[in-house]
Amino acid sequence: MKMKTARIMILCVPLLVAACKGKKTDLSTDGKETAAAVIESRRAPGAPKDANELKSDFMGTFSGTLPCADCSGILTTLTLNADGTYMLESTYQGKGDGQPFVEQGKWTPSEDLAFIELNYDVRDKSVFYALIDKNTLEKLDQNAKPISSEANRRLIRKP
């Protein structure tokens, strides 16, 4: 019985070595490098590099028609101000009286400058927009994650 066990172990050792070969584990980073890579992967290539670039290049008015569950679309205009305030106008197409719903509040950037959060006291959930580039914002889900859909979720800078 001992001989069979020894033979099996001798045959398995090369398989274990081959399975582990090529995997590099750097324990010195304590997972920090992985977290940084995850954060960097969320950022669009055109996202701001720092707060100064955010305020100089990403302020202005952006507009587009976002999807609507029970209408033909929501005409959306978002104005971001350098003082950290915003105005969001939403007009439901083909529903209601055609008057825009207007909200104003404060916006805050994410720590990694990948997106902004619109804070509005009346709403119970935040609204998030990814900073794609200085001319493009993209609406995110309620957890600040990209939305998997073919529908347009982008707002483009108005001239």
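**Side-chain contacts in the predicted model**

A polar contact of 2.6 Å connects the side chain of D112 with that of S110. The model in which this contact occurs is a predicted one, and D112 is placed in the loop between β4 (101-109) and β5 (115-119). A polar atom of the D112 side chain also lies 3.1 Å from the backbone nitrogen of A114. The relative accessibility of D112 is 12%, and because buried residues are those under 20%, D112 counts as buried.

The chain that carries this loop contains three helices and eight strands, and its elements follow the order α-α-α-β-β-β-β-β-β-β-β from the N terminus on. Of the 159 residues in the chain, 31% are buried. Among contacts with a separation of 6 or more, 35% are made by residues 24 or more positions apart. The exposed area of the chain is about 10900 Å², of which carbon and sulfur atoms supply 57%.

A search of the whole structure returned one disulfide. This bond is formed by C68 and C71, whose sulfur atoms are 2.2 Å apart. The torsion about the S-S bond of C68 and C71 is about 125°, and the disulfide is therefore right-handed. Both cysteines fall under the 20% limit for burial, since the relative accessibility of C68 is 17% and the relative accessible area of C71 is 15%.

Charged side chains were examined next. Side chains of opposite charge can pair when their charged atoms come close. With a cut-off of 4 Å between a side-chain nitrogen of Lys or Arg and a carboxyl oxygen of Asp or Glu, the count comes to two salt bridges. In one of them K95 pairs with D70, and the closest N and O atoms are 2.6 Å apart. Because K95 lies in the loop between β3 (85-93) and β4, whereas D70 lies in the loop between β1 (60-66) and β2 (73-80), this pair ties together parts of the chain that are 25 residues apart in sequence. K95 has a relative accessibility of 38% and so counts as partly exposed.

The side chains of R154 and E138 also meet in a salt bridge, with an N to O distance of 2.7 Å. Here, too, distant parts of the chain are linked, as R154 belongs to strand β8 (residues 154-157) and E138 to strand β7 (residues 136-139), the two residues being 16 apart. The partners are classed by their accessible area: R154, with a relative accessible area of 36%, is partly exposed, whereas E138, at 17%, is buried.

Aromatic side chains contribute one pair to the structure. The ring centres of F115 and F128 are 5.6 Å apart and the ring planes stand at 85°, so the pair is edge-to-face. This pair likewise links distant parts of the chain, with F115 in strand β5 and F128 in strand β6 (residues 127-133), 13 residues apart. Both phenylalanines, F115 and F128, are buried.

Conventions: Residues are numbered from 1 along each chain as its sequence is written. This is a predicted model: local features need pLDDT of at least 70, side-chain atom pairs count only at pLDDT 80 or more; totals for chains, interfaces and linings use all residues. Side-chain values use heavy atoms; hydrogens and water are left out. A disulfide is a pair of cysteine sulfur atoms within 2.5 Å. Buried means under 20% relative accessible area, exposed over 50%, partly exposed in between (1.4 Å probe, protein chains only). Helices (H or I, at least four residues) and strands (E, at least two) are DSSP runs, numbered from the N terminus. A polar contact is a pair of N or O atoms within 3.5 Å; within protein, one must be able to donate a hydrogen and the other to accept it, and residues adjacent in sequence count only if both atoms are side-chain atoms. Contact means heavy atoms within 4.5 Å. Accessible areas come from the Shrake-Rupley method with a 1.4 Å probe; for residues, only the protein chains shown count as cover. Rings of Phe, Tyr and Trp (its six-membered ring) pair if their centres lie within 6.5 Å; planes under 30 degrees apart count as stacked, over 60 as edge-to-face and the rest as tilted.
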